[in-house]
Amino acid sequence: MSKNPIKNGNIHWRPQNNFLVYQEYDNYFSLENFSEAERILEEKIGLKIIDARSLTHHSIKNYEYFDAGDVDLWHLKPSKILNYKLEGKLPNPKKMYNDELINIVQKAYAGDIELYQEKIGSETLMY
């Protein structure tokens, strides 16, 4: 995903700052504080958000995280993660990265990380 043709070939992987149209926005929201975004958007512009994550299974809300102790889980194949998900479990996201992967993500998404830190803060960043 660090190579531009791959990273930019899918909207889910593409850096979020590629989607910015304006230089500045009234508000910046993080998914970690989704309820705050819902409240502010309804108050400001009357937009009622319907959170469809549970309908599309794009949520991790109802899954139990498992931690493998000192074992990193970055090597798990997607099919194995899917099997865990079908059992109602997901690996602890922090265990899905080793130092090499952390560095790759930090480099590939440096612009997004910088924007997030500037507008949201660093408290909810994993690394």
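In this predicted model, K119 and E24 are joined by a salt bridge in which the closest N and O atoms lie 2.8 Å apart. Because K119 belongs to helix α6 (residues 110-119) whereas E24 sits in the loop between α1 (4-7) and α2 (34-45), the pair ties together parts that are 95 residues apart in sequence. Neither partner passes the 50% relative accessible area above which a residue is called exposed: K119, at 25% relative accessibility, counts as partly exposed, and E24, with a relative accessible area of 49%, is likewise partly exposed.

K119 has a further partner in E118, with which it forms a salt bridge whose closest N and O atoms are 3.4 Å apart. E118 is exposed, its relative accessible area being 55%. Since salt bridges are defined here by a side-chain nitrogen of Lys or Arg within 4 Å of a carboxyl oxygen of Asp or Glu, both contacts of K119 qualify, at 2.8 Å to E24 and at 3.4 Å to E118. Through the shared partner, E24, E118 and K119 are joined into one network.

Three salt bridges are counted in the model by this rule, and another of them is found in helix α2, where the side chains of R39 and E43 meet with an N to O distance of 3.4 Å. These two residues both lie in α2 and are four residues apart, about one turn of the helix. R39 is partly exposed, at 43% relative accessibility, while E43 is exposed, with a relative accessible area of 57%.

The helix that carries this pair can be followed further. With 12 residues, α2 reaches 16 Å from its first C-alpha to its last, which is close to the 16 Å expected at 1.5 Å a residue. Its buried residues are F34, A37, I40 and L41, and because they cover an arc of only 125° around the axis, they are placed on the same side of α2. The buried residues of α2 pack against α3 (53-56). On the other side of α2, S35 and E43 are exposed, so that E43, already met as the salt-bridge partner of R39, has a relative accessible area of 57%, over the 50% that the term exposed requires. Beyond the end of the helix, α2 is followed by G46, a residue whose phi is positive, near 75°.

Note on methods: Residues are numbered from 1 along each chain as its sequence is written. This is a predicted model: local features need pLDDT of at least 70, side-chain atom pairs count only at pLDDT 80 or more; totals for chains, interfaces and linings use all residues. Side-chain values use heavy atoms; hydrogens and water are left out. Buried means under 20% relative accessible area, exposed over 50%, partly exposed in between (1.4 Å probe, protein chains only). The expected span of a helix is 1.5 Å times one less than its number of residues. The arc is that of the directions from the helix axis to the C-beta atoms. Contact means heavy atoms within 4.5 Å.
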